[in-house]
Amino acid sequence: AQTLIIERITFINCGIELVSIENILITECTFKNNSKAAIISESNNTNSITIAYSSFINNDHGAVSLRLSTGNVGITNCTFQNNSAAGYGGGGGAVSLRLSTGNVGITNCTFQNN
């Protein structure tokens with residue numbers, strides 16, 4: 001299986017949408033002022049998503065939105081600040097995750113005013 005690697009990129013006013021990619025690695029990126037979720041991934045065949053050393057600041061409709069049928073998700077050493085999900089009935093705006101089968105790990109992250 002191949003891996004899509006996204007590293008050291010700043011996304012301002014433009015998030016990313018990833019569909020049907022088997023393995024995803026996002027590292028040392030900044031997602032800021034996006035009008036939709038900063039990262040959206042929907043897939044029935046994703047094996048793993050790893051997000052590390054990245055910042056999510058002032059994103060509407062959530063920072064990370066993942067809809068997977070199976071796979072492993074790891075979020076490590078990330079900062080989530082001032083993200084909102086008001087368009088989805090309110091609540092927190094940092095991470096939205098739907099995973100039917102697999103594992104999730106969130107480690108050493110900072111969550112502030114989401």
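Two strands count as paired if DSSP finds at least two bridges between them. The exercises below apply to a predicted model.

**Exercise 1. Confidence**

Determine the mean pLDDT of the protein chain, and state which element has the lowest mean and which the highest.

*Solution.* Step 1: the protein chain has a mean pLDDT of 88, and 93% of its residues reach 70 or more. Step 2: among the elements, strand β6 (residues 39-43) has the lowest mean pLDDT, at 81, whereas β10 has the highest, at 97. Step 3: as a general caution, predicted coordinates should not be read in detail where pLDDT is low.

**Exercise 2. The open sheet**

Establish the strand order of the open sheet and explain which strands stand at its edges.

*Solution.* Step 1: the open sheet is formed by 5 strands in the order β2-β5-β8-β10-β12, and their pairing is parallel. Step 2: β2 (10-12) and β12 each have a single partner strand, so one side of each is left without a neighbour in the sheet, and these two strands stand at the edges. Step 3: from one strand to the next, the twist averages 5°. Step 4: within this order, β8 and β10 (residues 79-81) run parallel and are joined by 3 bridges. The bridge partner of I57 in β10 is Q81.

**Exercise 3. Strand β3**

Describe how the side chains of strand β3 (residues 16-19) are arranged, and identify the pairing of β3 with β6.

*Solution.* Step 1: in a regular strand, side chains alternate between the two faces of the sheet. Step 2: in β3, I16 and L18 point to one face and are buried, while E17 and V19 point to the other face and are not buried. Step 3: the cut-off for a buried residue is under 20% relative accessible area. Step 4: β3 pairs with β6 in the parallel sense over 4 bridges. L18, one of the buried residues, stands opposite S41 in β6.

**Exercise 4. Positive phi outside glycine**

For Y53 and N113, give the phi angle, the location, and the state of exposure.

*Solution.* Step 1: Y53 is not a glycine, yet has a positive phi of about 50°. Y53 is found in the loop between β7 (48-52) and β8 (55-57). Step 2: N113 is likewise not a glycine and has a positive phi of about 55°; N113 lies in the segment after β12 (110-112). Step 3: a residue is exposed when its relative accessible area is over 50%. Y53 has a relative accessible area of 53% and is therefore exposed. N113, at 57% relative accessibility, also counts as exposed.

Methods: Residues numbered from 1 in each chain as written. Predicted model: local features only at pLDDT ≥ 70, side-chain atom pairs only at ≥ 80, totals over all residues. Heavy atoms only, no water. Buried < 20%, exposed > 50% of the residue type's maximum accessible area, 1.4 Å probe, protein only. Axes fitted to C-alpha atoms, helices over the stretch in contact; angles between N-to-C directions. pLDDT = per-residue confidence, 0-100.
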